[in-house]
Amino acid sequence: MDSRDEENPLVVDSLLIRTPKNHTRDVHILSCAFLLIFLAYGAAQNLETTVNTEGNLGTISLGILYLSFTFFSLFSSLVVRLLGSKNAIVLGTTGYWLFVAANLKPSWYTMVPASVYLGFAASIIWVGQGTYLTSTARSHARDHNLHEGTIIGKFNGEFWGVFASHQLVGNLISLALLRNGTGGTTSGTTLLFIVFLISMTLGTILMCFLSKDDGKGEKGSADASVNFYSYVVSLSKSVIAPLFDIKMILIIPLIAYSGLQQAFVWAEFTKEIVTPTLGAPGVGGAMAMYGAFDALCSLAAGQLTSGLSSITYIVFGGALVQAVVFLWLLLKYSVTGGILGIIYPLLMAAILGIGDGVLNTQLSALIGILFKHDTEGAFAQLKVWQCASIAIVFFVTPYISLQTMLVIMLAAIGVSLVGVLFLTIKVEKVFFSSSL
């Protein structure tokens, strides 16, 4: 009897050791940390062209930021491999903190260097985020014997749903602190940016509680002794190799469109549609509406994602609802007064938010499912093409009309959907051929 009693704790300990880890904790932490950081940065970005108007400092700073983001995205996958995805995410937060801090004393000597550094920081935080979240989803699916595509979709749905709410929360904070008309005064913006810095600091601290992932993106720099030639070869593979993959070629138009539609909202929609009817204070309300529907749609789209076919249907739905808004603006819309003048911009913001929520969740899920062999490189390509298209919009929109921009958006939707359709046909054809 005594010997059996002594064996029982060993059995219990063995069962406890083999209990699968629940990775949802890390998804909750990652989502909340990004919310705390980007509610501050997102609202600051929305105010940039309004607050820093002297010499177009705000607009030029954002253009420099996204050019830098595009350039450093070429190298970001290698940096993430060396640092590990968690460390890359934590380091990336410093760029956002410094950018907001530079707004406390905005000048060419503070904003331009901060914008360049933020481009680097943003490139590694987003490649690190995509790698970490995908690896966590794969580990969770493997440990619990669940369908990998479904878990990737659900984890991305939660992350992007929480993340998208930063537009709602951040703009409501801006509205609350600047409601007395202090938006253009030093005292009003100083208080706002200090609150933002506190929020970002809390987000960075929260990220430190993320678990070390067991995926390849988290192995860090264990092989840091490799020579320079190996680094060059690795970098070349990360940058060039995906461009020879037909799957990536077919996804690139959708990636570029996702950047175009985001920049359209930031640069054109708020200026040409919202401000003439709701005024500058109404921008915060419209962006809050945009963020709320972005968040809700991200959560819903994540729950509906199960594989490539579901992604295709969801992407078509999100892109087509945005196409309705673009056609409305191109053919029928005119600035009106009264209650309709308030409802129409808010309704458009909600529909555009739905489309953005779809694109964010489905692009991340698509890359996670199709590029298991080089997750970091694939997410780096996502940011290269996305940020290049955003930068182009910031620099080009002052020289083209709203109607021209809308035609470009509609053409981009058409090319993107054709690419996704061909991708689905190709991948499923390969799948069925291999299963015969």
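Mentor: A polar contact is a pair of N or O atoms within 3.5 Å, where one atom must be able to donate a hydrogen and the other to accept it. Please keep in mind, as we apply this, that the model in front of us is predicted.

Trainee: What makes the approach of the Ser61 side chain to the backbone oxygen of Leu57 a polar contact?

Mentor: The side chain of Ser61 reaches that oxygen at 2.6 Å, and because the limit is 3.5 Å, the pair falls within it and counts as a polar contact. Ser61 itself lies in helix α3, which covers residues 57-83, and, leaving aside residues up to four places away in sequence, Ser61 touches Met111 and Ser115.

Trainee: Why is Ser61 called buried?

Mentor: Its relative accessible area is 0%, and since buried means under 20%, Ser61 is classed as buried.

Trainee: How do you know that Arg25 and Asp26 form a salt bridge?

Mentor: Their side chains meet at 3.0 Å, N to O, and a salt bridge requires a side-chain nitrogen of Lys or Arg within 4 Å of a carboxyl oxygen of Asp or Glu, so the pair qualifies. The partners are classed differently, because Arg25, at 39% relative accessibility, is partly exposed, whereas Asp26, at 3%, is buried.

Trainee: Why does the pair of Asp143 and Arg142 count as a salt bridge?

Mentor: The distance there is 3.9 Å, N to O, and because the cut-off is 4 Å, this pair is accepted as well. Arg142 has a relative accessible area of 52%, and as exposed means over 50%, Arg142 is exposed; Asp143, at 32%, lies between the two cut-offs and is therefore partly exposed.

Trainee: Which residues make the remaining salt bridge, and how many does the whole structure hold?

Mentor: The side chains of Lys247 and Asp245 meet at 3.4 Å, N to O, and both residues are buried; a search of the whole structure finds three salt bridges.

Trainee: What places Cys297 and Cys387 in the buried class, and how many disulfides are found?

Mentor: Cys297 has a relative accessible area of 14% and Cys387 one of 2%, so each value falls under 20% and each cysteine is buried. The search for disulfides finds zero in the whole structure.

Trainee: What makes Ile198 part of a nonpolar patch?

Mentor: Ile198, placed in helix α8, is grouped with Leu104, Ile194, Leu202, Ile205 and Phe209 on the surface, because patch members have over 30% relative accessible area and nonpolar side chains are joined within 5 Å. Together these residues have about 550 Å² of accessible area.

Conventions:
Residues are numbered from 1 along each chain as its sequence is written. This is a predicted model: local features need pLDDT of at least 70, side-chain atom pairs count only at pLDDT 80 or more; totals for chains, interfaces and linings use all residues. Side-chain values use heavy atoms; hydrogens and water are left out. Patches are made of residues with over 30% relative accessible area and no salt bridge: like charges are joined within 9 Å, nonpolar side chains (Val, Leu, Ile, Met, Phe, Trp, Tyr) within 5 Å. Accessible areas come from the Shrake-Rupley method with a 1.4 Å probe; for residues, only the protein chains shown count as cover. Helices (H or I, at least four residues) and strands (E, at least two) are DSSP runs, numbered from the N terminus. A disulfide is a pair of cysteine sulfur atoms within 2.5 Å. Buried means under 20% relative accessible area, exposed over 50%, partly exposed in between (1.4 Å probe, protein chains only). Contact means heavy atoms within 4.5 Å.
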